[in-house]
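The following exercises are to be solved with the sequence and the coordinates at hand. Each task is followed by a worked solution.

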Amino acid sequence: MSHPPEEIVEILKKAGRVLIVTHVFPDGDALGSQLALGFALEAAGKEVYLYSEEGVPHILDFLPGTERLNTRLPDHATFDCAVALDCGDKRRLGDGAEQLLSHKPFIAIDHHAGHQTFADVTWVDQYRSSTGEMIYDLLRLLDFEISPATAYCLYTAILTDTGSFKYESTTAHTLRVAADLLDYGVKPAEICGHIFDNYSKNRLQLLQEVLGSLSLHAGDKIAFISVTPELLQRTGTTPADTELFINFPRSMKTVKVAVFLKKTADDLVGVSMRAKGEVDVAQVARDFGGGGHRNAAGFKITHASLAQIKEQLLAKLLPLV
Ligand code: AMP
Ligand code: MN
Ligand code: MN
């Protein structure tokens with residue numbers, strides 16, 4: 001496990017105005033880390049600009065400070081530095097990537113194994129459970145205040161990226177950080193309630209339908225589920241409502257790889273994959289132009305039907321299970 005590089009500590013100590021960004025379609029780790037770093041830098045007397053291309057997915061709108069996120073790219077403002085969190089690849093910064101990267105020095109803090117360097121200063125540690133865990137260490141080293149709101153966001157980041165401290169990425173250090181965050185005021189049951197027990201009736205009906213799409217292959221070792229725009233429309237839901245659905249097929253004992261095909265527009269399918277143990281789905285995602293972690297990866301694909309994608313994926317996955 002690596003420690004925060006001195007260079008990043010020095011840049012952040014000196015900076016007066018800081019731009020903080022994360023990956024598109026932010027998850028709990030992305031948004032939690034972004035908000036937490038924002039709160040801590042502000043508490044240290046700095047000015048921050050938090051940018052997110054699509055704003056806050058509604059399932060994360062319980063996080064404190066989400067009203068501070070800007071969907072407008074920062075215009076020619078001068079920042080003393082920019083920080084990208086939880087982003088393994090510059091394309092994941094979104095349409096404004098080049099504009100964002102023009103802010104110097106550009107820092108990346110990330111935990112993706114296949115991180116493709118795009119920043120001037122990079123701290124990447126694939127052995128960390130989450131970017132949130134890294135931000136906690138950074139804030140401690142900077143000796144910045146960790147307010148209850150900061151702790152709340154960091155705990156959410158770690159909790160979501162470790163699947164409630166269940167994934168192999170969870171280390172003794174991860175649990176120590178989580179324990180510290182409780183000392184800073186986090187109430188675990190409260191955050192769990194927001195993340196796991198937050199279903200609307202529509203979302204539960206969507207889950208019912210999505211589980212109806214389950215298909216099993218390779219002696220029940222590979223599972224597929226899917227969603228379509230028609231289904232979202234019929235149940236009055238949005239793509240964000242499908243968050244965590246992939247854990248249901250993954251939870252089947254025999255399943256080694258679960259795949260969720262999310263057709264969100266006529267010609268666009270987002271693919272999420274979850275694997276167990278040694279099965280590496282990040283490599284498969286990279287073959288399709290995406291990326292991720294060994295056991296959690298994804299990619300986007302256009303001009304292909306769900307049946308075609310399934311066939312192509314099965315060809316890659318069968319030898320792995
Ligand atoms: P998801 O299945 O969307 O929760 O994503 C799981 C992991 O895969 C994320 O932590 C990302 O690192 C990675 N990932 C998902 N989609 C993409 C993509 N289009 N390009 C690169 N990495 C991705
Ligand atoms: Mn993420
Ligand atoms: Mn992450």
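A residue is called buried when its relative accessible area is under 20%, exposed when that area is over 50%, and partly exposed in between. The model under study is a predicted one.

**Exercise 1. Determine whether the length of helix H2 agrees with its expected span, and how far H2 is enclosed.**

Solution.
1. Helix H2 covers residues 28-43, that is, 16 residues.
2. The expected span is 1.5 Å times one less than the number of residues, which gives 22 Å for H2.
3. The end C-alpha atoms of H2 lie 22 Å apart, in agreement with that expectation.
4. Of the 16 residues of H2, 13 are buried; H2 is therefore largely enclosed by the rest of the structure.
5. Just after H2, a positive phi of about 90° is found at Gly45.

**Exercise 2. Identify the protein donors of the manganese ion (ligand 2) and state where Asp27 and Asp86 lie in the chain.**

Solution.
1. His23 donates through NE2, Asp27 through two OD entries and Asp86 through OD, at 2.1 to 2.7 Å from the manganese ion (ligand 2).
2. The sequence spacing of these donor residues is H-x3-D-x58-D.
3. Asp27 belongs to the loop between strand E1 (17-22) and H2, whereas Asp86 belongs to the loop between E4 and H3; the two are 59 residues apart, and the pair links distant parts of the chain.
4. Asp27 has 22% relative accessibility and therefore counts as partly exposed.
5. Asp86, at 2%, counts as buried.

**Exercise 3. Describe the site of the manganese ion (ligand 3) and find the residue that coordinates both this ion and the manganese ion (ligand 2).**

Solution.
1. The protein donors are Asp29 (OD), Asp86 (OD), His111 (NE2) and Asp161 (OD), at 2.1 to 2.2 Å from the manganese ion (ligand 3).
2. Along the sequence, the donor residues follow the spacing D-x56-D-x24-H-x49-D.
3. The residue sought is Asp86, which coordinates both ions; the ions are 3.7 Å apart.
4. Asp86 sits in the loop between strand E4 (81-85) and helix H3 (97-101), and His111 in the loop between strand E5 (106-110) and strand E6 (121-124), so this pair ties together parts 25 residues apart in sequence.
5. Asp86 and His111 are both buried.

**Exercise 4. Characterise the largest nonpolar core and the surroundings of Leu138.**

Solution.
1. The largest nonpolar core holds 47 residues, and those with the most contacts inside it are Leu12, Val18, Ile109, Leu138 and Leu181.
2. Helix H5 (residues 148-161) supplies the largest share of this core, seven residues.
3. Beyond its neighbours within four places in sequence, Leu138 is in contact with Pro4, Ile8, Val9, Leu12, Ile109 and Trp123.
4. Another core, of 23 residues, lies apart from the largest one and has among its members Val281, Ala285, Leu313 and Leu317.

Note on methods
Residues numbered from 1 in each chain as written. Chains lettered and ligands numbered in written order. Predicted model: local features only at pLDDT ≥ 70, side-chain atom pairs only at ≥ 80, totals over all residues. Heavy atoms only, no water. Donors = N, O, S within 2.8 Å, 3.2 Å for Na, K, Ca; no water. Helix = DSSP H or I, 4+ residues; strand = E, 2+ residues; numbered from the N terminus. Buried < 20%, exposed > 50% of the residue type's maximum accessible area, 1.4 Å probe, protein only. Core = buried A, V, L, I, M, F, W, Y, C linked by side-chain atoms within 4.5 Å. Contact = heavy atoms within 4.5 Å.
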